[in-house]
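Please look through this structure with me before we discuss it. My comments are short and numbered.

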Amino acid sequence: MLFKAYVLEAAKLEESSKSGVLYVDLISEDQQLVNRPALPISDGEAYGDFHLVDDF
């Protein structure tokens, strides 16, 4: 699964400069952490992917 994230300052809807890393959690149905990549944020955007298996 591919994804793109936008990291914005809510008040201005402009790119945020508060952090350079976005953490994304993939949680299973039984609330277990499956994966937590740390993605670099560039110009208010981050890109990532999860490799999902059939029995997930």
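The points below go from the inside of the model to its surface and its charged pairs.

1. Start with a caution. This is a predicted model. Keep that in mind at each point.

2. Now the core. Nonpolar side chains tend to be buried together in soluble globular proteins. Here the largest nonpolar core has nine residues. They are Phe3, Ala5, Val7, Val24, Leu26, Leu39, Ile41, Ala46 and Phe50.

3. Take Val24 as one member of that core. Leave aside residues up to four places away in sequence. Val24 then touches Phe3, Asn35, Arg36, Pro37, Leu39 and Phe50. Of these partners, Phe3, Leu39 and Phe50 are also listed in the core. Arg36 returns below, in a salt bridge.

4. Next, Ser16. Is Ser16 buried or exposed? Its relative accessibility is 13%, so Ser16 counts as buried, because buried means under 20%. Ser16 sits in the loop between strand 3 (14-15) and strand 4 (21-23). A polar atom of the Ser16 side chain lies 3.2 Å from the backbone nitrogen of Lys18. Ser16 also touches Val7, Leu8 and Glu9, with residues up to four places away in sequence not counted. Val7 belongs to the largest nonpolar core.

5. Turn to the surface. Which residues form a nonpolar patch there? They are Tyr6, Leu8 and Leu13. Together they have about 360 Å² of accessible area. Tyr6 belongs to strand 1 (residues 2-6). With 54% relative accessibility, Tyr6 counts as exposed, because exposed means over 50%. Leu8 has a second role: it is one of the residues that Ser16 touches.

6. Leu13 deserves its own check. It lies in the loop between strand 2 (8-9) and strand 3. Its relative accessibility is 64%, so Leu13 counts as exposed. Look at its backbone too. Phi of Leu13 is near 55°, a positive value in a residue other than glycine.

7. Gln31 also needs a look at its backbone. Its phi is positive, about 65°, although Gln31 is not a glycine. Where is Gln31 placed? It lies in the loop between strand 5 (26-27) and strand 6 (33-35). Gln31 is exposed, with 63% relative accessible area.

8. On to charge. Side chains of opposite charge can pair when their charged atoms come close. How many salt bridges does the structure hold? It holds two.

9. One salt bridge joins Glu45 and Lys4, with the closest N and O atoms 3.6 Å apart. This pair links distant parts of the chain: Glu45 is in strand 8 (residues 45-49) and Lys4 in strand 1, 41 residues apart. Glu45 is partly exposed, at 24% relative accessible area. Lys4 is partly exposed as well, at 38%.

10. Another salt bridge joins Arg36 and Asp25, with the closest N and O atoms 2.6 Å apart. Arg36 lies in the loop between strand 6 and strand 7 (38-40), and Asp25 in the loop between strand 4 and strand 5, so the pair ties together parts that are 11 residues apart in sequence. At 48% relative accessibility, Arg36 counts as partly exposed. Asp25 counts as partly exposed at 38%. Arg36 also touches Val24 of the core.

Notes: Residues are numbered from 1 along each chain as its sequence is written. This is a predicted model: local features need pLDDT of at least 70, side-chain atom pairs count only at pLDDT 80 or more; totals for chains, interfaces and linings use all residues. Side-chain values use heavy atoms; hydrogens and water are left out. Patches are made of residues with over 30% relative accessible area and no salt bridge: like charges are joined within 9 Å, nonpolar side chains (Val, Leu, Ile, Met, Phe, Trp, Tyr) within 5 Å. Accessible areas come from the Shrake-Rupley method with a 1.4 Å probe; for residues, only the protein chains shown count as cover. A salt bridge is a side-chain nitrogen of Lys or Arg within 4 Å of a carboxyl oxygen of Asp or Glu. Helices (H or I, at least four residues) and strands (E, at least two) are DSSP runs, numbered from the N terminus. Buried means under 20% relative accessible area, exposed over 50%, partly exposed in between (1.4 Å probe, protein chains only). A polar contact is a pair of N or O atoms within 3.5 Å; within protein, one must be able to donate a hydrogen and the other to accept it, and residues adjacent in sequence count only if both atoms are side-chain atoms. Contact means heavy atoms within 4.5 Å. A nonpolar core is a set of buried Ala, Val, Leu, Ile, Met, Phe, Trp, Tyr and Cys residues joined through side-chain atoms within 4.5 Å.
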